[in-house]
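Please look over the sequence and the model shown here before reading the notes on its core, one loop residue and one strand pair.

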Amino acid sequence: MKKVLASAFIFTFILGSAQVSEFERADSRYERKKTALYNKYPKPNDLRTKKEWLLTEDKITAYKTALDKASLEDQKMITADPPTKAKVSKEAEYDKGKAAFQKLLYEAVDLVFLNFSSDSYKATLNFVVDSKGNALNPNVKGNNEDVNAFIEAAFYRIKDKGKWKPAEDKGKPVSSSVSIPLVLSFKK
């Protein structure tokens, strides 16, 4: 039994690392191509702006592809341990508190390259905390699909920076759904 648990932990760790490295590869590719673009066109012009937007679209696509892969893996874990529909006696909680989780998430969201036109962005983050405390399958509801994707990516970047305590029903750990309202502020 210990070998099975150890194998599951190692698999989860490797999977989580693979998810983050997909985002890091997309970031690296974007920065490399942007640097080359700025070297070729040192002064802003229409062509540079157009090509920079295409690079941004490539980065967004790479993030969404990585999120799709991560979601498929998370769905397998959720199928094995589905969230309870019943009211729980104790909600899932982040070991450092929800405010600390939100702060980590806000710090991990990188939207500078999008030139987002609003000062703030409101959304709701929904995810599952399984009976073992794994945070899975983020889904952000907000009015901009691209911003939502980068918030979901930030979730994967921070998910190993703390531990969730699973919800409890009659003293027994259970899988449950978690919903957190978000308000991100953008620096201009």
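The briefing below covers the nonpolar core, a loop position and strand pairing.

This is a predicted model, in which local features need pLDDT of at least 70 and side-chain atom pairs count only at pLDDT 80 or more, while totals for chains, interfaces and linings use all residues. Residues are numbered from 1 along each chain as its sequence is written, and side-chain values use heavy atoms, with hydrogens and water left out.

**Nonpolar core**
- The largest nonpolar core (buried Ala, Val, Leu, Ile, Met, Phe, Trp, Tyr and Cys residues joined through side-chain atoms within 4.5 Å) has 39 residues, and among those with the most contacts inside it are Phe101, Phe127 and Phe155.
- Its contributors of at least two residues each include helix H1 (2–40), helix H4 (145–158) and strand E7 (176–185), with helices (H or I, at least four residues) and strands (E, at least two) taken as DSSP runs numbered from the N terminus.
- The largest share, nine residues, comes from H4.
- Leaving aside residues up to four places away in sequence, Phe155 touches (heavy atoms within 4.5 Å) Phe101, Leu105, Leu125, Phe127, Ala135, Leu136 and Pro138.

**Loop position Val88**
- Val88 lies in the loop between H2 and strand E1 (93–94), and it counts as buried because its relative accessibility is 13%, where buried means under 20% relative accessible area, exposed over 50% and partly exposed in between (1.4 Å probe, protein chains only).
- The C-alpha atoms of Val88 and Pro173, which are 85 residues apart along the chain, are separated by 9.6 Å.

**Strand E7**
- E2 and E7 run antiparallel and are joined by 10 bridges, strands being paired if DSSP finds at least two bridges between them.
- Thr124 has Pro181 in E7 as its bridge partner.
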